[in-house]
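I opened a fresh notebook page for this one. My plan was to look things up piece by piece and jot down what turned up.

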Amino acid sequence: MPPVSHATSEPREGGRWIVRFETHVPFAYEAVWPALTTADGLYGWLAAADVLERRFGGSVTLRRPYTGDTVYGKVTAWDTERVVEYTVTGEGRIRFHLDPVGTDSTVVRFLNERTGSEAERLDCLATWHEHFERLEAALGGQPVDWSVWTGDRRSQLRASYASFSRT
């Protein structure tokens with residue numbers, strides 16, 4: 001699998017910023033969609049979905065297994081097998097847009113729009129980068145074993161983004 005490319009981020013008015021990833025995963029969108037929109041799929045790479053009403057306006061409750069932190073929100077976009085967007089407390093707007101490439105790969109266009117400090121922006125970049133690495137692993141049959149997760153990889157990525165931001 002090719003490595004996940006670095007994300008981009010851009011400032012917006014009012015202390016807001018947007019993080020963007022565009023990653024190509026070697027899996028059909030029929031496999032990628034459930035990883036983004038089902039409790040079992042999300043648990044393999046992102047978080048435990050304690051509540052996930054799979055429809056526009058549905059409720060969402062996501063819990064990080066490694067910290068126990070929980071966020072609450074709504075499904076703010078739902079276009080079956082193409083676009084899903086969650087807007088959650090503290091995390092802002094999280095949007096996934098899938099574009100199939102042939103029959104066996106998918107481009108995932110992602111954005112996270114939120115507010116926060118420069119340190120929070122770097123944390124966000126590193127966190128989502130790590131999540132996308134986990135997504136590819138989960139799709140390949142190796143979901144995260146949350147009982148042994150450490151923050152080491154995220155720390156490496158954050159340092160990389162901090163260095164990248166200074167150049």
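My entries below go through strands, ring pairs, the core, a pocket and one odd backbone angle.

**Entry 1: strands**

I kept in mind from the start that this is a predicted model. I began with strand S3, residues 48-52, and strand S4, residues 59-63. They pair in the antiparallel sense, and I noted four bridges between them. Which residue of S4 is the bridge partner of Ala-48? I looked it up and found Arg-63.

Next I checked the turn. S3 and S4 make a hairpin with six residues between the two strands, and Gly-57 in that turn has a positive phi of about 85°.

Then I moved on to strand S5, residues 70-79. S4 and S5 run antiparallel too, joined by five bridges. Here I picked out Thr-61, whose bridge partner in S5 is Tyr-72. This hairpin also has six residues between its strands, and I wrote down Gly-68, with a positive phi near 85°.

**Entry 2: ring pairs**

How many aromatic pairs does a search of the whole structure find? My tally sheet says 14. One of them is Tyr-43 with Trp-146, an edge-to-face pair with 6.3 Å from centre to centre and 65° between the planes. Tyr-43 sits in helix H2 (residues 39-43), while Trp-146 is in the loop between helix H3 (118-139) and helix H4 (152-166), so this pair ties together parts that are 103 residues apart in sequence.

I also asked myself whether each partner is buried or partly exposed. Tyr-43 comes out at 39% relative accessibility, so I put it down as partly exposed. Trp-146 has 8%, so I put it down as buried.

My next pair was Phe-110 with Trp-128. Their ring centres are 4.4 Å apart and the planes are at 45°, so I filed the pair as tilted. Phe-110 belongs to strand S8 (residues 105-115) and Trp-128 to helix H3; the pair links distant parts of the chain, 18 residues apart. Both Phe-110 and Trp-128 are buried.

I then followed the ring pairs outward from there. They link Phe-110 and Trp-128 with Phe-21, Trp-45, Phe-96 and Phe-132 into a cluster.

**Entry 3: the core**

A reminder to myself: in soluble globular proteins, nonpolar side chains tend to be buried together. The largest nonpolar core here has 40 residues, and those touching the most other members are Phe-21, Trp-45, Tyr-86, Phe-96, Trp-128 and Phe-132. Which element gives the largest share of this core? H3 does, with eight residues.

I took a look around Phe-21 as well. Leaving aside neighbours within four places in sequence, its contacts include Val-4, His-6, Val-108, Phe-110, Leu-125, Trp-128, Phe-132 and Tyr-161.

**Entry 4: the pocket**

I looked for empty space next. The largest pocket has a volume of about 330 Å³. Its lining counts 19 residues, and the closest to the centre are Arg-64, Tyr-66, Glu-91, Thr-127 and His-131. H3 turns up again, giving the largest share of this lining with six residues.

**Entry 5: an odd angle**

Last, I went through backbone angles. Most residues other than glycine have a negative phi. Glu-81 is not a glycine, yet I found a positive phi for it, near 65°. Where is Glu-81? I traced it to the loop between S5 and strand S6 (83-88). Its relative accessibility is 33%, so I marked Glu-81 as partly exposed.

Note on methods
Residues numbered from 1 in each chain as written. Predicted model: local features only at pLDDT ≥ 70, side-chain atom pairs only at ≥ 80, totals over all residues. Heavy atoms only, no water. Pairing = 2+ DSSP bridges. Phe/Tyr/Trp six-rings, centres within 6.5 Å; stacked < 30°, edge-to-face > 60°. Buried < 20%, exposed > 50% of the residue type's maximum accessible area, 1.4 Å probe, protein only. Core = buried A, V, L, I, M, F, W, Y, C linked by side-chain atoms within 4.5 Å. Contact = heavy atoms within 4.5 Å. 1 Å grid on protein atoms, 1.4 Å probe; cavity = no way out; pocket = protein on both sides within 12 Å on 5 of 7 lines; lining within 4 Å. Points joined across faces, edges and corners; volume = space filled by probe spheres on them.
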